[in-house]
Structures are given as structure tokens and as C-alpha cells.
Amino acid sequence: MRLFKKIVLLFCAATISQAMAADTTEPGGPLDICIAAVIGEHPGIVTGWRQAGGGSQPPYAITVLDKEGKLGETNCNPANPTKFEFKNKTGLYRYSMFERATLPEEKAREAAPVVFVGPVRVLGMELSVGFTGRPQYTYQMILPSGHKATVELDAVTGRLNKA
């Protein structure tokens with residue numbers, strides 16, 4: 001019986017470490033490679049990203065707001081982050097409102113899943129400005145139970161608004 005318990009514990013530890021190692025949104029991971037490449041080619045503020053596929057290095061759809069207030073969306077493959085084709089989204093946005101987001105997105109991305117237990121998979125982010133003029137990050141996640149979860153963080157202070 002003791003051998004069985006040890007095998008189960010080893011299996012659980014291996015599964016958890018694999019799930020955590022498979023997180024492509026970790027700082028310095030594939031998502032950050034794509035964001036840096038997209039911003040390098042199309043300067044602005046990243047107002048959203050989402051996984052656009054699966055695998056060990058999934059592609060991402062990234063939305064960037066430029067200084068003229070126009071949103072452009074492109075896809076990025078972290079294995080080959082070059083030659084982006086931006087599709088303009090409708091609407092005109094005030095760049096200065098999004099500049100108020102002083103909390104780096106990477107820090108917010110690390111903090112968002114902390115309110116949940118277990119390895120959480122972050123699927124996407126949206127930066128928006130509320131009616132009061134406060135910017136906020138909204139993260140979509142999948143919990144270990146398979147349920148979907150959403151977390152909103154204040155993009156200035158990092159305070160949890162809603163989960």
C-alpha cells in the first residue's frame with residue numbers, strides 16, 4: 001500500500017510540474033516574445049491578446065493601440081515572430097486614457113491567477129478604460145477543474161476589482 005501511495009504522489013507531482021511548465025504566458029515565454037516583436041514593428045500599447053491555437057508554443061492574436069488612436073490586430077507565431085499583417089479594427093480610442101495603465105501587463109498577468117487554487121491557464125487579456133477613466137486588465141482563464149474564470153485588476157494599482 002505504501003508503494004502505491006508513493007507512486008500516486010510522484011504522478012501528481014509530475015502532472016503539476018508539467019502543467020506549470022506548459023504555461024506559455026510566463027514572463028519571458030512565447031507570449032512575451034510575440035508582444036515584443038509586435039510592439040517593435042507597430043509601436044503602441046497592447047490592449048489585448050489571446051491564444052489563437054494550441055501546442056507548446058501557441059500562436060497569439062495581439063491587439064495594439066497606436067498613438068493616432070487606431071486599433072490593429074495581428075497574429076503572431078512565437079516560433080517565427082516576423083512579418084505581421086495588421087487588420088484595423090473600427091473605432092477611435094484616446095491613447096492618453098490607455099497610457100494611464102502604469103502597472104506593467106506582465107505583473108498583472110502574474111497576479112491575476114493567484115486568487116485561484118492550482119495551476120491556472122491564462123487564455124487572454126483585454127485592457128479597457130471604464131466610465132470613471134480608470135484602466136483595467138481583464139483576464140480569461142481556465143481553472144484546474146475545467147471551469148472558465150475572469151479576473152479584473154486595476155491597471156494602475158493592481159487591486160483586484162472582480163473575480
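Two aromatic rings of Phe, Tyr or Trp count as a pair if their centres lie within 6.5 Å; for Trp, the six-membered ring is used. Keep that in mind. This is a predicted model. Searching the whole structure turns up 3 aromatic pairs.

Take one of them, W49 with Y60. The ring centres are 6.0 Å apart. The planes sit at 80°, so we call this pair edge-to-face. Angles over 60 degrees earn that label. Where do W49 and Y60 sit in the chain? W49 belongs to strand β1, residues 45-51, and Y60 to strand β2, residues 60-65. They are 11 residues apart, and the pair links distant parts of the chain. Buried or exposed, these two? Both W49 and Y60 are buried.

Next, Y93 and F98. Their ring centres are 6.3 Å apart. The planes again make 80°, so this is an edge-to-face pair too. Y93 is partly exposed, at 35% relative accessible area. F98 has 9% relative accessibility, so F98 counts as buried; the cut-off is under 20%.

Now the sheet. It is open, with 8 strands. The order runs β4-β3-β2-β1-β5-β6-β7-β8, with antiparallel pairing. Which strands are at the edges? They are β4, 87-89, and β8, 160-162, and each pairs on one side only. On average, neighbouring strands are turned by 30° against each other, ignoring direction.

Back to β1. It pairs with β5, residues 121-129, in the antiparallel sense over 3 bridges. G48 has E126 in β5 as its bridge partner.

Last, helix α2, residues 30-41. This helix lies across β1, β2 and β3. It runs at about 40° to β2.

Key:
Residues are numbered from 1 along each chain as its sequence is written. This is a predicted model: local features need pLDDT of at least 70, side-chain atom pairs count only at pLDDT 80 or more; totals for chains, interfaces and linings use all residues. Side-chain values use heavy atoms; hydrogens and water are left out. Rings of Phe, Tyr and Trp (its six-membered ring) pair if their centres lie within 6.5 Å; planes under 30 degrees apart count as stacked, over 60 as edge-to-face and the rest as tilted. Helices (H or I, at least four residues) and strands (E, at least two) are DSSP runs, numbered from the N terminus. Buried means under 20% relative accessible area, exposed over 50%, partly exposed in between (1.4 Å probe, protein chains only). Two strands pair if DSSP finds at least two bridges between them. Axes are lines fitted to C-alpha atoms, for helices over the stretch in contact, and angles run from 0 to 180 degrees between N-to-C directions. Contact means heavy atoms within 4.5 Å.
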